[in-house]
Amino acid sequence: MTTTEATAPAPAVPTTPAGRAADYLDQRTGIGVAVKAFARKVFPDHWSFLLGEIALYSFVVLIITGIFLTMFFVPSMGLTTYDGPVTTLQGQTVSEAFNSTLRLSFEVRGGLLMRQIHHWAALIFVASAVTHMMRVFFTGAFRKPRELNWMVGFTLLILSLLAGFSGYSLPDDVLSGNGLRITDGVVKSIPIIGSYLSYFIFGGEFPGHDIIPRLFTVHVLLIPGLILALVGLHLLFVVLHKHTQYPGGGRTDKNVVGFPLFPVYVAKAGGFFFVVFGLLALMGGTMAINNVWNYGPYDPSPVSAGAQPDWYMLFLEGSLRLMPGQAEVVIGGFTLSLNVLIPAVVIPGLLFTFLALYPFVEAAITKDKSPRNVLDRPRNVPTRTGLGVAFLTAFIILALAGSNDLIATHFRLSINSITWVLRFALFIAPVIAFWCTKRICLGLQRKDRELVLHGHEHGRIVRTETGEYFEVHKPLTEQERWLRVNYTAHAPLELSEAAYDATTGEKNPRYRKAKRWSALSRFFFQDRIEPVTPAELEAAQHHAHPAPELAARQPETDGRVGS
Amino acid sequence: MKALAARRHHRFAPAVLLLLALLVTGALYAALAPSQATAESTTAQDVQAGKALFAANCATCHGVGAVGTSETPSLVGVGAAAVDFQVSTGRMPMQMTGPQAEVKPAQFDADQTRQLAAYVASLAPGPSIPSAEAVDPTLGDASNGAEIFRTNCAMCHNAVGAGGALSEGKYAPSLWSTTPTQIYEAMVTGPQSMPVFNENNITPEEKRDVIAYLVEQREGSAGGDPLGSLGPVSEGVWAWVIGIGALIGAAVWIGAKSS
Ligand code: HEM
């Protein structure tokens, strides 16, 4: 292990051909400075810091396989007759896009493998980005100075969803057409501009002849370009900010403990790329995905059972399935489709706004202005952890609702009762999840205090000469203690404004706003467990011996503050 | 997709062919055995035997003379096809009340089924059991069948017949182990929540095309394990369980290698 303070060896005069080539480059571009700085960057070691890398590597795989697919895919809605090897489609009228997808799958060598790797990589790209985001959220890696990088990451997430959706729509099979049909419905539900917007997107009445060529450009050029640029910015930020680290002995907000990027980390990361690629290839080679020839060419009339979007869009499908249909209202001859608008626009809007703004809300209610490079243990921020779990619960419930038909057939349940249960669960379960998680976090924090103050239970009972029994506790090591006491338990904000102006006696216009923020802050930090202070530790160690075992368990030494 | 499978898995070609042969033989046998029971070839003894079987096993629910009760449908005019379908798939005699009559191992052998069918068919004319030729998948056009299936059946049974949910716990079953004769009979009799597809909706030739399409689905996917052919939800579950599961495992392993 090294820290950033380590010095690099003095540069040598190049003797090898490679060295001379590098020197040639360096003298003309000055790249040596960047390479040196980069190679000496220290990267802390923890498996959860590799989640972002999984996303990065699956994105690379997406680009490689995607380039292959572009060589054969024909982005056209022009009609043709299928005459390839798939007997269940021979002689049917299909679009060029669908036809070329089948040609890719059955006539181009390795085409089906590439298609399947591409699709599995897409699912795993989004899944790893989401898991990575959960890591960043639950450990508080979004705090100053990384709020902007959180926003970059959030934009990347939205772009990944769009990338997935636009790709899913390209083969022009029944399933992708259904997805576009739903999109069309959602767009049309937007008041006033809806129908114009739909005509604008589809180049006329749905499905038109333009959408696939348009989505193709979006899918292979626009979105990958944006993702690439933003991933560059994202990683640049990671380098500029330096990576965060988990709490532990010697790790502070001012240093980074880990391995230098070169050679250890580069070797590990390079190896991991091949692990990711290998797994994706294995999945693409053995597990069928999106067999479009089963769904058939798109035609607006048929919809098959089990028509669902890819997993990352399932929450939207679920939101639509949960919404009661009666919410459509007609006002003065204009239809307001609240039954579509609420589930497809308002609910995802709320969920995504929460994600985008969370770091800023937290910064506002802690008024914490110092850079935070040591991560939080999730238990030490019970309200944030609780909110995160509540968010995930809502997301999972929506995804389950999107799969309600499969749940019904596989668990022999009635689809009607599943839908009703999930309708209520969407509102109740996140609250329960929040409450339970918060309680669990507070419990764990209390256990930490207990451990720090009294050490590990040893199971050794000693009887004193006077006949008293007590259990011998083993004190924590420095490392163990550091982990448990080094955190800040924020207190609720004081109300910064008075209700009335002290001199004039008039109402203070800023009072209400300040009161709202302070209420929010109280919601977050009312219940908290303060870390053990050195003084407390001192006191505990002083009288930790024989008798006061019981006294130590008294509530007044439990550092809990508030209700 | 037959040509395809042969080309893609040379080594398995014999196995595939053997399987196909078995399938076709099985299908033919299944189609042939009850096909002797078409209205013309039943004898008076069959009707008599069927009547006795009916009285012993079915009359409690369907009433004497199969006229039905307030809870059970009358069987007058449902035809031999309905009886053969219901009895050979094990749905009848019904045992448990539930959202719909469940498929069970058939309780009667081919002869008894034929006799029951003959008896019900003798009550009033109705759809008869199709001939072996009418349900022979090798004579059908799978591509045309696919189109018909997509517009008429996929909304309940899923695009390749994997099954799907209906309201209140009812469901359209998977069609992968249903015999060609039963598929034909299901279309002409419309069991329970399924609509009847008469000769005007789907002609007998088109029905055979549908059968050809469904039988073709049993060969599996060229892409590997079809994961139940359930579509994106099962793919998503596998992406998380296998994909993210294995990759996080690898990440933990790489992370642990340092210290
Ligand atoms: C879409 C593809 C994404 C890629 C390829 C990506 C890639 C990465 C990589 C490789 C790292 C450094 C290693 C690590 O901490 O995991 C990182 C860090 C980070 N990412 Fe992402 N990320 C993506 C999405 C997101 C999302 C959705 C968010 C949150 C909204 C996010 C927020 C962050 C933050 C705040 C850091 C700094 C973490 C720290 O220093 O502890 N990223 N990202």
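A polar contact, as I use the term here, is a pair of N or O atoms within 3.5 Å. I'm working on a predicted model, so I kept that in mind for every entry below.

**Entry 1: the ligand's polar partners**

I started with the backbone. A polar backbone atom of Phe49(A) lies 3.0 Å from an oxygen atom of the ligand, so that pair falls inside the cut-off. Next I went through the side chains. The side chain of His234(A) puts an N or O atom 2.6 Å from a nitrogen atom of the ligand. For His243(A), I read 2.7 Å between an N or O atom of the side chain and an oxygen atom of the ligand.

**Entry 2: the shell around the ligand**

How many residues surround the ligand? I got 26, and the closest include His234(A) and His243(A), along with His132(A), Arg135(A) and Thr244(A). Sorted by class, the shell has 15 nonpolar, 8 polar and 3 charged residues.

Then I asked which helix gives the most to this shell. That turned out to be H6(A), with 7 residues. In chain A, H3 (51-70), H5 (111-138), H6 (147-168) and H9 (211-241) each put at least two residues into the shell.

**Entry 3: chain A against chain B**

I moved on to the interface. Chain A brings 67 residues to the contact and chain B brings 58. Together the two chains bury about 4,800 Å², and carbon and sulfur atoms account for 68% of that.

Which side chains form the salt bridge here? I found Arg412(A) meeting Glu102(B), at 3.5 Å from N to O. The rule finds 1 salt bridge across this interface. Polar contacts come to 14 residue pairs, with both residues at pLDDT 80 or more.

I also listed what chain A uses to touch chain B. The elements giving two or more residues are H3, H4 (96-106), H5, H7 (174-189), H10 (261-286), H11 (292-295), H15 (404-410) and H16 (415-454) of chain A. H10(A) has the largest share of that side, 9 residues. By class, I noted 38 nonpolar, 24 polar and 5 charged residues on the side of chain A that touches chain B. I flagged H3 and H5 of chain A, since they turn up in this list and also in the ligand shell.

**Entry 4: a hairpin**

I looked at strands S8 (456-463) and S9 (469-474) of chain A. Do they run parallel or antiparallel? They pair in the antiparallel sense, over 6 bridges. As a register marker I wrote down Arg460(A), which stands opposite Val472(A) in S9(A). The hairpin has 5 residues between the strands, and there Gly467(A) takes a positive phi near 95 degrees.

**Entry 5: backbone oddities**

Most residues other than glycine have a negative phi, and most peptide bonds are trans. With that as background, I checked for exceptions in chain A.

The peptide bond from Lys144(A) to Pro145(A) is cis, with omega near 5 degrees. Pro145(A) is in the loop between H5 and H6 of chain A, and both of those helices supply residues to the ligand shell.

A second cis bond runs from Phe206(A) to Pro207(A), with omega near -5 degrees. I placed Pro207(A) in the loop between H8 (194-202) and H9 of chain A.

Last, I checked phi. Ile192(A) has a positive value near 65 degrees, and this residue is not a glycine. Ile192(A) belongs to the loop between H7 and H8 of chain A.

Conventions
Residues are numbered from 1 along each chain as its sequence is written. Chains are lettered from A and ligands numbered from 1 in the order in which they are written. This is a predicted model: local features need pLDDT of at least 70, side-chain atom pairs count only at pLDDT 80 or more; totals for chains, interfaces and linings use all residues. Side-chain values use heavy atoms; hydrogens and water are left out. A residue is near a molecule or strand if one of its heavy atoms lies within 4 Å of it. A polar contact is a pair of N or O atoms within 3.5 Å; within protein, one must be able to donate a hydrogen and the other to accept it, and residues adjacent in sequence count only if both atoms are side-chain atoms. Helices (H or I, at least four residues) and strands (E, at least two) are DSSP runs, numbered from the N terminus. Ala, Val, Leu, Ile, Met, Phe, Trp, Tyr, Cys and Pro count as nonpolar, Asp, Glu, Lys and Arg as charged, and the others, Gly among them, as polar. Contact means heavy atoms within 4.5 Å. Buried area is the accessible area (1.4 Å probe) that two parts lose on being put together, summed over both. A salt bridge is a side-chain nitrogen of Lys or Arg within 4 Å of a carboxyl oxygen of Asp or Glu. Two strands pair if DSSP finds at least two bridges between them.
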